[in-house]
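The following paragraphs lead the reader through a single structure, proceeding from its interior outwards. Please keep the sequence and the coordinates at hand while reading.

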Amino acid sequence: MGANLFSSIGNWIGDFLAACIRLMVRLIGRRVTREEAPWLNCPMGTSKLIGADFYHQLAIDEQLKIADEPAGLLTDFSLLKGEGFDPTQVRQEIHEFYERTSEFRLEAWSEAPLFTRMFLWVLTRFVSRRMNQLNFPVSSLELAGGMTSDLLPMNNDSGQRVYTGWLRRLAKSGHVIYTGLYSVESPGEFADPCVKVSFPLPQGSATVFLRPEAQPDGSFKLISSGRKFGEPGFYRMVELKPGVWKVRNFRTLREYFHVYVDESGMLRTDHLVTFLGRTILRLHYKCERAKPMVD
């Protein structure tokens, strides 16, 4: 009786918080159509549960095939080439990671500052777990059992890549950290290609555009900062009806990735999430090749 009551209260809290977030976006977001902003178009969640099954339903809905083959987050790292970014300035090891991600094994560590830990715990406990999406690892202990990483290349009938799914789960609990969809897209007010990552959510999506930067030492950065709507950044979307959305560009919420090779030759990534200029979550990944290269 007590367990059922606690579960019911938790479900109510989760539904209430999720509804509040969607209502906020509806109230302060910009009404946008697919024709006005085709660069924002992405798959939306249609149920309360996202999880790993989302990819298979998307493949059915859009008549795509999930290919059983080695894959990378990008089919070709040079797709990011633009006036502000030259891929040839980035180390080859980083090219290989993005083009052959499925051949790498990831170890992760996380750290949340004390002042955000409770907020993130409430968000993941009552909202993320309920939809089985964006289960942020607030503590490194959650990652102690390891993290699985599965690449799902999604192609059309012509064999052209439409999305690359990246499914990451906590190995011990099975909770989905990310059900993400990767592609390359230029936002409406930004000329250069960016990495576009969409996370389907119930009745909407969270979509991030990350601009690439090459560093003098050959390392690589992805940054989701922009000054206005239509530039790189974080976009929370709520679907009003097919092809019509309310969109809020949260310019104060930013992500930073720094991919580099350390002194021992190991590929590593620092991932920083900030809000109002303050760090709310820090992640570190060790990216080790798990399978031999096959040309």
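In this predicted model, the largest nonpolar core comprises 50 residues. Those with the most contacts inside this core are Phe77, Phe97, Tyr98, Leu106, Phe220, Leu267 and Tyr285. Strand E14 supplies the largest share of the core, namely 5 residues. Apart from this core lies another, of 13 residues, which includes Ala37, Leu40, Cys42 and Trp245. As a general background, nonpolar side chains in soluble globular proteins tend to be buried together.

Tyrosine 285 merits a closer reading. Which residues are in contact with tyrosine 285, once its neighbours within four places in sequence are left aside? They are Leu106, Glu107, Ala108, Met147, Arg168, Tyr178, Leu267, Arg268, Thr269 and His271. Two of these names, Leu106 and Leu267, also appear among the core residues with the most contacts.

The strands E12, E13 and E14 may be followed in order. Strand E12 (residues 253–261) and strand E13 (residues 267–275) run antiparallel and are joined by 9 bridges. Within this pairing, tyrosine 256 has leucine 272 of E13 as its bridge partner. The two strands form a hairpin with 5 residues between them, and glycine 265 in the turn has a positive phi of about 90 degrees.

Strand E13 is in turn joined to strand E14 (residues 278–289) by 9 bridges, again in an antiparallel arrangement. Here the bridge partner of leucine 267 is cysteine 287, located in E14. E13 and E14 likewise form a hairpin, with 2 residues between them; in its turn, leucine 276 has a positive phi of about 55 degrees.

Attention may now pass to a helix. Helix H4 (residues 114–131) has 18 residues, which at 1.5 Å a residue should span 26 Å; the end C-alpha atoms are 25 Å apart, so the expected and modelled values agree. H4 nevertheless bends by about 40 degrees at threonine 124. Threonine 124 is also one of the buried residues of H4, together with Thr116, Leu120, Phe126, Val127, Ser128 and Met131. Asparagine 132, which follows H4, has a positive phi, near 55 degrees.

A last point concerns helix H1 (residues 2–28), in which isoleucine 28 is found. Is isoleucine 28 buried or partly exposed? Its relative accessible area is 40%, and isoleucine 28 is therefore partly exposed, since the category of buried requires a value under 20% and that of exposed a value over 50%. The C-alpha atom of isoleucine 28 is separated by 35 Å from that of proline 153, which lies 125 residues apart from it along the chain.

How values were computed:
Residues numbered from 1 in each chain as written. Predicted model: local features only at pLDDT ≥ 70, side-chain atom pairs only at ≥ 80, totals over all residues. Heavy atoms only, no water. Pairing = 2+ DSSP bridges. Helix = DSSP H or I, 4+ residues; strand = E, 2+ residues; numbered from the N terminus. Expected span 1.5 Å × (residues − 1). Bend = angle between axes of the 7 residues up to and from the residue. Buried < 20%, exposed > 50% of the residue type's maximum accessible area, 1.4 Å probe, protein only. Core = buried A, V, L, I, M, F, W, Y, C linked by side-chain atoms within 4.5 Å. Contact = heavy atoms within 4.5 Å.
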